[in-house]
Structures are given as structure tokens and as C-alpha cells.
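Let us take a walk through this protein together, going from the overall fold to a few selected spots. Keep the 3D view open as you read.

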Amino acid sequence: MTKRTAAKYKLDRRMGENIWGRAKSPVNRREYGPGQHGQRRKNKLSDFGTQLRAKQKLKGYYGDLTEKQFRRIYAEAERVKGDTGENLIGLLERRLDAVVYRSKFVPTIFAARQFVNHGHVQVNGQRVNIASYRVKEGDVISVRDKSRQLAIVLEAVGLAERDVPDYIEVDTNKLTATFVRTPTLGDVPYAVVMEPNLVVEFYAQN
């Protein structure tokens, strides 16, 4: 279901963290970065480096969004009233592929994007095949009847490595999810520490 197989774990290796909390992550075996010089990359980061790393980690977490996509979301978060970092997290979590992933309909965020793109998902009974579609509070997301017996869905529902967050209500029997509310940073079950405040600093200075 996903274009990237082993490649998606390069982010884990580069960051030295198990970004998605998956048992298969190479960080569980090797903490150093990828490549022949990976074991020597232990230099202390500058402020710019720390901010860039925070941006790359957050951007990569959501399926390795392009810089153009991520910057557009950031610009919207900046325009909305309130804390820009919190707004950024809320907008990212309202992406349809993120909701499909959080609902445990598929095992990875990469699979979620393709699952949506291939037309397996409905929003309020209407098929939506745009991964970046912005879900609203109260929207009901469901797996199409024809797609419910796909191996990838059956595998994901049984995964024990993550739980469904409380801002999404899921009926695992019907494979439907209701997006209850837009989460704050503290609500989102990241496997590692995310620092959207550093992302805000990065864009403010660059």
C-alpha cells in the first residue's frame, strides 16, 4: 500500500528516534544515523540546527510532506487566532490521512495516504480521495464496504502498538470514526517529543 518501505525508516535513523513508535524501527537496533559516517554524527546542534531538526521531524511524521505543503499549512496556522504552534498541530491532525491513521484503519501514515488516494475512504458517506482533505469536527470517516476485508485493514485494527486518541471516536466493528474535536499538542499521542514552538521559531527567522 505504500510507496516507501525501508526508506521511511531513514527518518528514524537520521533523528536517532523511533518517530512512529513502531517495533520494526531500525533505531531499536542501532541508534546512530544512516550512511557510512552515521556513527560519527554526534556534534552539538546550533539553534538553527535544532529548529531545522524539529521541523524535519514534524514534517516527516505526517508522511514526509513536501516543504511547499508544510509551509502552506504553517502559513494558515499563523493566520488563525491563537498559538501558532498549537494551530499547526491541529491543522496537521485534521488531514484526512492523519485521521485514517489515528483511527487505526491502516498501520502507517504512508499507508493512510495511499489508502485515501485509492478511494477506500468516505467522509459523511461521500468518497474522498484527497489525503490533505481537511476534516471538520463532527465529520464521520468510514472505510468503504468493498475495502473492509483488505489485509492491510485487518492487520491495522489488531495492532497493539498504539491507541486511538480521545479526540476521535472509533467503531471498530463498522470501521467508522467520528472526528470529535481539534486536538492540542498535549492530546496527540506522538511516540517522541514534538516541538512545534521550534518550528515557529525556524520560520520566523528563515
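A residue counts as buried when its relative accessible area is under 20%, and as exposed when that area is over 50%. With 13% relative accessibility, Tyr190 is therefore buried. We will come back to Tyr190 shortly, but please keep in mind throughout that this is a predicted model.

First, the overall picture. The protein chain is built from 8 helices and 5 strands. Following the sequence, you will meet them in the order α-α-α-α-α-α-β-β-β-α-β-β-α. The chain has 206 residues, and 47% of them count as buried. Its accessible surface amounts to about 10800 Å², with carbon and sulfur atoms contributing 47% of that area. If you take the contacts with a separation of 6 or more, 60% of them join residues that are 24 or more positions apart.

A good place to see such a meeting of elements is the packing of two helices. Helix α4 spans residues 84–93 and helix α8 spans residues 196–205; their axes are 8 Å apart and make an angle of about 110°. Angles of 65 to 115 degrees count as roughly perpendicular, and α4 and α8 are therefore roughly perpendicular to each other. On the α4 side, Thr84, Gly85, Leu88 and Ile89 take part, and they meet Pro196, Val199 and Val200 of α8. Sorted by class, this contact has 5 nonpolar residues, 2 polar ones and no charged ones.

Now for the aromatic rings, where Tyr190 returns. The structure holds 8 aromatic pairs. In one of them, the ring centres of Tyr61 and Tyr190 are 5.1 Å apart and the ring planes stand at 80°, so this pair is edge-to-face. Tyr61 belongs to helix α2 (residues 47–61), while Tyr190 sits in the loop between β5 (176–179) and α8; the pair links distant parts of the chain, 129 residues apart. Tyr61 and Tyr190 are both buried.

Tyr190 also pairs with Tyr62: here the centres are 6.5 Å apart and the planes are at 90°, so this pair is edge-to-face too. Tyr62 lies in the loop between α2 and α3 (67–79), and 128 residues separate Tyr62 from Tyr190. At 1% relative accessibility, Tyr62 counts as buried. Elsewhere among the aromatic residues, Phe48, Phe70, Tyr74, Phe202 and Tyr203 form one cluster.

Which residues does Arg102 contact, beyond its neighbours within four places in sequence? The list includes the three tyrosines we have just visited, Tyr61, Tyr62 and Tyr190. Also in contact with Arg102 are Glu93, Arg162, Val164, Pro165, Tyr167, Ile168, Val188 and Pro189. Arg102 itself is found in helix α5 (residues 96–102). Its relative accessibility is 4%, so Arg102 counts as buried.

For our last stop, turn to Ala151 in helix α7 (residues 151–157). Is Ala151 buried or exposed? Its relative accessible area is 61%, so Ala151 is exposed. From the C-alpha of Ala151 to that of Val106 is 9.5 Å in space, although 45 residues separate the two in sequence.

Key. Residues are numbered from 1 along each chain as its sequence is written. This is a predicted model: local features need pLDDT of at least 70, side-chain atom pairs count only at pLDDT 80 or more; totals for chains, interfaces and linings use all residues. Side-chain values use heavy atoms; hydrogens and water are left out. Helices (H or I, at least four residues) and strands (E, at least two) are DSSP runs, numbered from the N terminus. Buried means under 20% relative accessible area, exposed over 50%, partly exposed in between (1.4 Å probe, protein chains only). Contact means heavy atoms within 4.5 Å. Accessible areas come from the Shrake-Rupley method with a 1.4 Å probe; for residues, only the protein chains shown count as cover. Axes are lines fitted to C-alpha atoms, for helices over the stretch in contact, and angles run from 0 to 180 degrees between N-to-C directions. Angles under 35 degrees count as roughly parallel, over 145 as roughly antiparallel, 65 to 115 as roughly perpendicular and the rest as oblique. Ala, Val, Leu, Ile, Met, Phe, Trp, Tyr, Cys and Pro count as nonpolar, Asp, Glu, Lys and Arg as charged, and the others, Gly among them, as polar. Rings of Phe, Tyr and Trp (its six-membered ring) pair if their centres lie within 6.5 Å; planes under 30 degrees apart count as stacked, over 60 as edge-to-face and the rest as tilted.
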